Amino acid sequence: MPGWLPAVAAATTGIQVGAAIVATRYVIDQTHPASLALMRYAIGSICFLPPLLMSRRTRFERRDLAPLALLGITQFGILIALLNFGLNYIPAGRAALIFATFPLMTMILASLLGQERLNAPKALGVLLTIGGVGLALGEKAIEGGGAHEWLGALAVLAGALCGAVCSVLYRPYLRKYPALEVSALAMLASVGFLAVLAAGEGFFDALPRFTPGGWLAIGFIGIGSAAGYYLWLWALSHATATRVTVFLALSPVTASGLGVALLGERLSLMLLLGLACVAAGLVIAHQRP
């Protein structure tokens, strides 16, 4: 298989996550965080049904069901809950910069577990992408938060750690099972967990009400999440975890770019410099030592 295909899949997911952030910003004032996450991944789970019905049936070993479900709950439930909690205490720009340490944590964990070797190009590339995210966010990354901003920063950092752990621990299962089936099982497990959180927000007390644009945004987020998650796991099954997660640096850059294009935000030189740093970091991270 050409080595660039996993990189394209990971880059597509990074861009999709950034687009989903912009769509979420558009619709979040019409609902609650857990309720939106529930609808997002419920739609995503439904999107997996047609390809699952057309593919050959895969039998999961019983001992693998609980770990895969737990990985899905951690990635889609606990991670999202930690991010939402953190955003109550720190600005979104700083949260995005902290979350950009996701690939760095992945690289360290994968090296400690012996899944991949730590080398200079990979480390330099990851650090460049983090710096690029900081430049793209500009002043948003350093603006002040509330009195308990350390708690928010710790929550976002814990969310990034959850994502890194999941990215590393998925790999043994992706060697045994197709990415499509693993994606469907993990996302479906998260729907059950998120349903409990959404119930606490009163989601099941009445039918959800959104503007037509809000429904379109939710549909886009849900369908995009299914496609993006499948491509993410497919890339993880064909490349090292660090070389996949490093493309998450495209998410805040994409969100900033779409904010300029769709929401009328100002285009800054810092955003362009940040994009150049992220691009350079991605190229360097994929170089052989």
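What follows is a conversation about a predicted model of one protein chain and the reasons behind its labels.

Visitor: What makes up the secondary structure of the protein chain?

Guide: The protein chain has 13 helices and zero strands. From the N terminus on, its elements run α-α-α-α-α-α-α-α-α-α-α-α-α.

Visitor: How do you know whether the radius of gyration agrees with that of a compact globule?

Guide: Set the value against the rule. The rule is 2.2 Å times the number of residues to the power 0.38. For 289 residues that gives a radius near 19 Å. The protein chain has 18 Å, so the value agrees with a compact globule. Along its principal axes, the C-alpha trace spans about 45 × 45 × 35 Å.

Visitor: What share of the residues is buried? And what share of the contacts joins residues at least 24 apart?

Guide: Of the 289 residues in the protein chain, 48% are buried. For the contacts, count those between residues at least 6 apart in sequence. Of these, 89% join residues at least 24 apart.

Visitor: Let us take the helix pairs. Why are α2 and α9 called roughly antiparallel?

Guide: Helix α2 covers residues 33-47, and helix α9 covers residues 179-200. Their axes cross at roughly 155° and come within 9 Å. Angles over 145 degrees count as roughly antiparallel. The angle is past that cut-off, therefore α2 and α9 are roughly antiparallel to each other. Their crossing is left-handed.

Visitor: Which residues meet there, and how do they divide into nonpolar, polar and charged?

Guide: From α2 come A34, S35, A37, L38, Y41, A42, G44 and S45. From α9 come M187, L188, S190, V191, L194, A195, L197 and A198. They divide into 12 nonpolar, four polar and no charged residues.

Visitor: Why are α2 and α10 called oblique?

Guide: Helix α10 covers residues 212-236. It packs on α2 at an angle of about 55°, with the axes 7 Å apart. Roughly parallel needs an angle under 35 degrees, and roughly perpendicular needs 65 to 115. The angle of about 55° meets neither condition, so α2 and α10 are oblique to each other. This crossing is right-handed.

Visitor: What makes the contact between α2 and α10?

Guide: On α2, the residues are L36, M39, R40, Y41, I43, G44 and C47. On α10, they are I218, G219, I221, G222, I223, S225 and A226. The contact divides into nine nonpolar, four polar and one charged.

Visitor: Why is α1 called oblique to α12?

Guide: Helix α1 spans residues 4-27 and helix α12 spans residues 250-262. They pack at about 45°, with axes 7 Å apart. That angle is not under 35 degrees, nor within 65 to 115, so α1 is oblique to α12. The crossing of α1 and α12 is right-handed. On α1, the contact is made by A11, G14, I15, V17, G18, A19, I21, V22 and R25. On α12, it is made by L250, S251, T254, A255 and L258. These residues divide into nine nonpolar, four polar and one charged.

Visitor: Now single residues. Why is Y41 called buried?

Guide: Y41 is found in helix α2. Its relative accessible area is 5%. Buried means under 20%, so Y41 is buried. Beyond its neighbours within four places in sequence, Y41 is in contact with F76, I80, M187, S190, V191, L194 and S225. The C-alpha atoms of Y41 and L188 are separated by 7.6 Å, though the two are 147 residues apart along the chain.

Visitor: What makes S35 a buried residue?

Guide: S35 also lies in helix α2. Its relative accessible area is 1%, under the cut-off of 20%, so S35 is buried. Leaving out residues up to four places away in sequence, S35 touches A198, E201 and F203.

Visitor: How do you know whether V191 is buried or exposed?

Guide: V191 is in helix α9. Its relative accessible area is 16%. Exposed needs over 50%, and buried needs under 20%, so V191 is buried. V191 touches L38, Y41, A42 and S45, not counting residues up to four places away in sequence. The C-alpha atoms of V191 and L38 are separated by 5.9 Å, and the two residues are 153 apart along the chain.

Notes. Residues are numbered from 1 along each chain as its sequence is written. This is a predicted model: local features need pLDDT of at least 70, side-chain atom pairs count only at pLDDT 80 or more; totals for chains, interfaces and linings use all residues. Side-chain values use heavy atoms; hydrogens and water are left out. Axes are lines fitted to C-alpha atoms, for helices over the stretch in contact, and angles run from 0 to 180 degrees between N-to-C directions. Helices (H or I, at least four residues) and strands (E, at least two) are DSSP runs, numbered from the N terminus. A crossing is left-handed if the near helix is turned anticlockwise from the far one by less than a right angle, and right-handed if clockwise. Contact means heavy atoms within 4.5 Å. Ala, Val, Leu, Ile, Met, Phe, Trp, Tyr, Cys and Pro count as nonpolar, Asp, Glu, Lys and Arg as charged, and the others, Gly among them, as polar. Buried means under 20% relative accessible area, exposed over 50%, partly exposed in between (1.4 Å probe, protein chains only).
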